[in-house]
Amino acid sequence: MKGANPCKLTIQAWIESIPIATLAVMSEGAVLAVNEPAAIMGFREESHISDFLPFNHPSLIEASMTQAFDSNERVVIQVFHALDHQEYDIAFSPFKSADLEVCIVVITRSHKSGETMERLEAGHKFITMGRLSAGVLHDIRSPVQYISDNIRFVRESVSDIVRFIQAVRDFVSQDEESLLAQRFAKILSEGDIDYLLSEIPPALGESQEGIRQVRNILDAMKKFSHPGLDKKEMVNLNDTIESALTITHSEWKSVAEMKTNLDPALPKIPIYSDEMNQVLLNLIVNATHAVQEKKDVTGENGIITITTKHRDREVVLWVSDTGAGMPRSILAKIFQPFFTTKKPGDGTGQGLALVHSIIVEKHGGTISVLSEPGSGAVFEIHLPTTDLDKLQDGKGV
């Protein structure tokens, strides 16, 4: 190996002595050296680390390695192997010398007994609860519906009563001297009819509006609690946004004004409904926290704006806020797993990493963010209007 880097030869000899899958990876992701167990898994020198990874969410692996380089600290994640259906621990350890900077990646099967089963059981529990809650919401919606119908009936009936009372008043005013007219006048006076007639209609109107809001919340919860299909569905993103705003109303109502500019001509696009629900929830909550952070300083509410637009073969979504904003150093890391600017206990650093994974890996889209300190932030998402998987198979959508 004439002319070979001595440091590389040392690393190669070192990792070959390790009995578990180990490889050395350059900062840009190029594989510098692999040992025999790693080669059996499919890794090759001079390939890219993501070329032979049979694990879910390859972007999580690349981002974790980047985090290890940036922090100069060991990072460990747990991923699911798509072929043997086992969980693996992947450890990223940065190694720097005067001649070389690499990340030593060690891949081992997880030895945390029962953790995979516990996660599967937890997932099953949430799916079951989702199905049950969908049924409960349906049961709640039925009495809400007949309460609404009854209020509507009473409201319409009040109009007839008002006309009757007005007719009695006319009778009284035309024949004030008769005994019957005097009795009617006394009844109208003692019953405080004027007050009741002025208060009952608006009270019924407010009740009907409250029932409408409850029904909207129930409909939104039903959409979000219903287990999604394991395949893409043709969905209008505007409808998903409206449901997300209803679900998150309690989060942003006291700190921000919510504005929407939704394209009425937006076409349906193929998406995984559950995942897209999660994207919208994370982005809205993230914007709310940014606005809250600024409000803590200024005392003023902010503005969150959600916009959609149809462009050629894609749908574009913008989620902007007038919150605290972020410096460029944070923007470079915002989609990295486990990166968070919140204090310990307030954030896990996985929300925006999950959003990035869903948009890019699951839907073949793109996501970017623009922000400056004190000037808020704008998240921009592009989603294809056609199913890329079907197009690659030569099929229509």
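The following questions and answers concern a predicted model of one protein chain.

Visitor: What is the average pLDDT of the chain?
Guide: Residues are numbered from 1 along each chain as its sequence is written. In this predicted model, local features need pLDDT of at least 70, side-chain atom pairs count only at pLDDT 80 or more, and totals for chains, interfaces and linings use all residues, while side-chain values use heavy atoms and leave out hydrogens and water. pLDDT is the predictor's confidence in each residue, from 0 to 100. A score of at least 70 is reached by 74% of the residues, and the chain average is 76.

Visitor: Over which residues does pLDDT stay under 50, with twelve contacts beyond four places in sequence?
Guide: Contact means heavy atoms within 4.5 Å. Where pLDDT is low, the predicted coordinates should not be read in detail. The stretch with twelve such contacts in the model, and with pLDDT under 50, is residues 113–132.

Visitor: How many helices and strands does the chain have?
Guide: Helices (H or I, at least four residues) and strands (E, at least two) are DSSP runs, numbered from the N terminus. On that basis, the secondary structure comes to twelve helices and twelve strands.

Visitor: What share of the 397 residues is buried?
Guide: Buried means under 20% relative accessible area, exposed over 50%, and partly exposed in between, with a 1.4 Å probe and protein chains only. Of the 397 residues in the chain, the buried share is 38%.

Visitor: What is the strand order of the open sheet of five strands?
Guide: Two strands pair if DSSP finds at least two bridges between them. The pairing in this open sheet is mixed. The order of its five strands is β7-β9-β10-β12-β11.

Visitor: Why is one side of β7 and of β11 left without a neighbour in the sheet?
Guide: β7 covers residues 256–261 and β11 covers residues 366–371. One side of each lacks a neighbour because both strands stand at the edges, each with a single partner strand.

Visitor: Which helix packs on the sheet with its direction at about 145° to that of β9?
Guide: Axes are lines fitted to C-alpha atoms, for helices over the stretch in contact, and angles run from 0 to 180 degrees between N-to-C directions. Helix α7 (residues 237–247) touches β7, β9, β10 and β12, and its direction makes about 165° with that of β9. A helix of residues 273–298 also touches β7, β9, β10 and β12, and the one at about 145° is α9.

Visitor: Which side chains of β11 point to one face and are buried?
Guide: In a regular strand the side chains alternate between the two faces of the sheet. Along β11, T366, S368 and L370 point to one face and are not buried. Those that point to the other face and are buried are I367, V369 and S371.

Visitor: Which residue in the turn between β11 and β12 has a positive phi of about 80°?
Guide: β11 runs antiparallel to β12 (residues 377–384), and six bridges join them. Within this pairing, T366 stands opposite H382, and L370 stands opposite V378. The two strands form a hairpin with five residues between them, and the turn residue with this phi is G374.

Visitor: Is D312 buried or exposed?
Guide: D312 lies in the loop between β9 and β10. Its phi is positive, near 50°, in a residue other than glycine. Most residues other than glycine have a negative phi. With a relative accessible area of 75%, D312 is exposed.

Visitor: Which residues does T307 contact, leaving aside its neighbours within four places in sequence?
Guide: T307 lies in strand β9. With a relative accessible area of 17%, T307 is buried. Its contacts are N261, V316, L317 and W318.

Visitor: Which residues does I193 touch, not counting those up to four places away in sequence?
Guide: I193 is in helix α6 (residues 193–225) and counts as buried at 17% relative accessibility. Its C-alpha is separated by 9.7 Å from that of V162, 31 residues apart along the chain. The residues that I193 touches are I165, R169 and L188.

Visitor: Which residue in β5 is the bridge partner of Y88?
Guide: In strand β4 (residues 87–96), seven of the ten residues are buried. β4 pairs with β5 (residues 101–109) in the antiparallel sense over nine bridges. The bridge partner of Y88 is R109.
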